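Here are some comments on the model, set out as numbered points for checking against the coordinates. They take up single residues, a helix pair, a pocket and some backbone features in turn.

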Amino acid sequence: MLLDFFIIGQGIAGSTLAWHLIEKGANIKVIDPSKEHTSSRAAAGLYNPITGRKMVKTWMADQLFPYLEDFYASVQLKSGQAFLHPLPIYRPFISLEEQNDWHAKADNKAFAPFVKRVASKSLYPDAVNDPWGGILLQRCGYLDVPAFLEASQRYFKMQGVYQKAQLNFRQLKVQKDHVQLGNEKAKAIIFCEGPEGVNNPHFQWLPFSPVKGETLTVRPEQPHSVVFNRGIFVLPIGNLSKLGSTYNHQDLTYTTTREARQYLIEKFDKLCKFNYEIIEQRAGVRPATKDRKPFVGMHPEQKTLLIFNGLGTKGVSLAPFFAKQLTEYLLDGQDLEEAVNIKRFYHLYNSVLT
């Protein structure tokens, strides 16, 4: 039988794409090595509509956030497992000027869906350093990424579309109208390999910019039910909290470091007032890109080769929307968002050839 698509990788990108393609009736095979150390499994899973030092609205937040809520809710129903956890995020102001700016923005319709409250005084005086108050955000929270991936894998196995295997590129035969792996053929192959994408011989010309991130899991002396976010995030997960994250473009190993641990401790001590016990330190490598936009689309010459990668630090919020868009591109002939279409980098492929 000729399949419609091979999907290589079952991280956040591969899983969300597989769900969408199955929903549309496509015949697929998900091929994944099921490694212990992956960017998806190390991710904190936070989705946040207001980000950065300047506290700006996340790119395409009005499209991404409503859709991610619907998508993960539907997968929860189909899989019978809960993994999406809406939680408010509290971002303390760092100055009176910032407080005044957000009081002015409070009436702006662009921010209204995501802002629950703008506070002029401390909202959590016993927990955080917020002398100028802060902004309480809504339509945010975290995805339990390992639980989502495990539930997805169980479902894919039940559907008979999952295979645990390491892709050997020497065994991949690329033809004009199909690809072949072993005895199986598909109309196309979609690479969702995360940071391993930098080693993909068909897409090495894309400007990946992988970044290592480390987190600490701690047991706080004072439990909290709100995410504190300024400089780092402090994410409550049961009776524990996760602190993150660091950014390192040079060291791309999965080895934890003393420097990252100290950085997170110092940031936490500036943000929060309560004591804690460190339980665990973890490291992961995010599949980021030079322009901080995902890589989605078709190889410039081989039309049977596609990529869905480069989701970076915002994979939880980006993956559902662009998996839907890629599915509609493949099955319905719809256009891809220009900002994510890898056509924007075709000139790099041409320069490699010359």
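1. S152 is in contact with Q10, S15 and W19, once its neighbours within four places in sequence are left aside. The model is a predicted one, and these contacts should be read with that in mind. S152 belongs to helix α5, and because its relative accessibility is 0%, under the 20% limit, S152 counts as buried.

2. The packing of α3 against α7 deserves a look of its own. Two packed helices are described by the angle between their axes and the distance between the axes. Here the axes of α3 and α7, the latter covering residues 315-332, come within 8 Å and cross at roughly 85°. That angle falls in the range from 65 to 115 degrees, so α3 counts as roughly perpendicular to α7.

3. Which residues of α3 and α7 meet each other? From α3 the contact takes in Q63, L64, F65, Y67, L68, F71 and Y72, while α7 contributes V316, S317, L318, P320, F321, F322 and K324. Sorted by character, the residues of this contact between α3 and α7 divide into 11 nonpolar, 2 polar and 1 charged.

4. Just before α3 in the chain, M60 is found in the loop between β5 (56-57) and α3 (61-79). Most residues other than glycine have a negative phi, and most peptide bonds are trans. M60 departs from the first of these habits, since its phi is positive, at about 60°, although M60 is not a glycine. Is M60 buried or exposed? With a relative accessibility of 14%, which is under 20%, M60 counts as buried.

5. On the other side of that loop, V56 is part of strand β5. Its relative accessibility is 44%, and because this lies between 20% and 50%, V56 counts as partly exposed. When residues up to four places away in sequence are not counted, V56 touches P49, I50 and T51. A further distance that can be checked in the model is that between the C-alpha atoms of V56 and F111, which are 55 residues apart along the chain and are separated by 9.5 Å.

6. R139 is another residue that has a positive phi of about 60° although it is not a glycine. R139 lies in the loop between β9 (134-137) and β10 (141-143), and with a relative accessible area of 32% R139 is partly exposed.

7. The second largest pocket holds about 240 Å³ of space. Its lining is made up of 15 residues, and those that lie nearest its centre are P146, T217, I237, K242 and R282. The elements that give two or more residues to this lining are β10, α5 (145-158), β18 and β19 (276-286), with the largest share, 3 residues, coming from β18. By character, the lining of the second largest pocket divides into 8 nonpolar, 2 polar and 5 charged residues.

8. Where is the cis peptide bond that involves S245? The bond runs from G244 to S245, and its omega is near -5°. S245 itself is placed in the loop between β18 (240-244) and α6 (258-271), and β18 is also the strand named above for its 3 residues in the pocket lining. As the model is predicted, this peptide bond may be worth a second look in the structure view.

Key
Residues numbered from 1 in each chain as written. Predicted model: local features only at pLDDT ≥ 70, side-chain atom pairs only at ≥ 80, totals over all residues. Heavy atoms only, no water. Helix = DSSP H or I, 4+ residues; strand = E, 2+ residues; numbered from the N terminus. Buried < 20%, exposed > 50% of the residue type's maximum accessible area, 1.4 Å probe, protein only. Contact = heavy atoms within 4.5 Å. 1 Å grid on protein atoms, 1.4 Å probe; cavity = no way out; pocket = protein on both sides within 12 Å on 5 of 7 lines; lining within 4 Å. Points joined across faces, edges and corners; volume = space filled by probe spheres on them. Nonpolar A, V, L, I, M, F, W, Y, C, P; charged D, E, K, R; others polar. Axes fitted to C-alpha atoms, helices over the stretch in contact; angles between N-to-C directions. Parallel < 35°, antiparallel > 145°, perpendicular 65-115°, else oblique.
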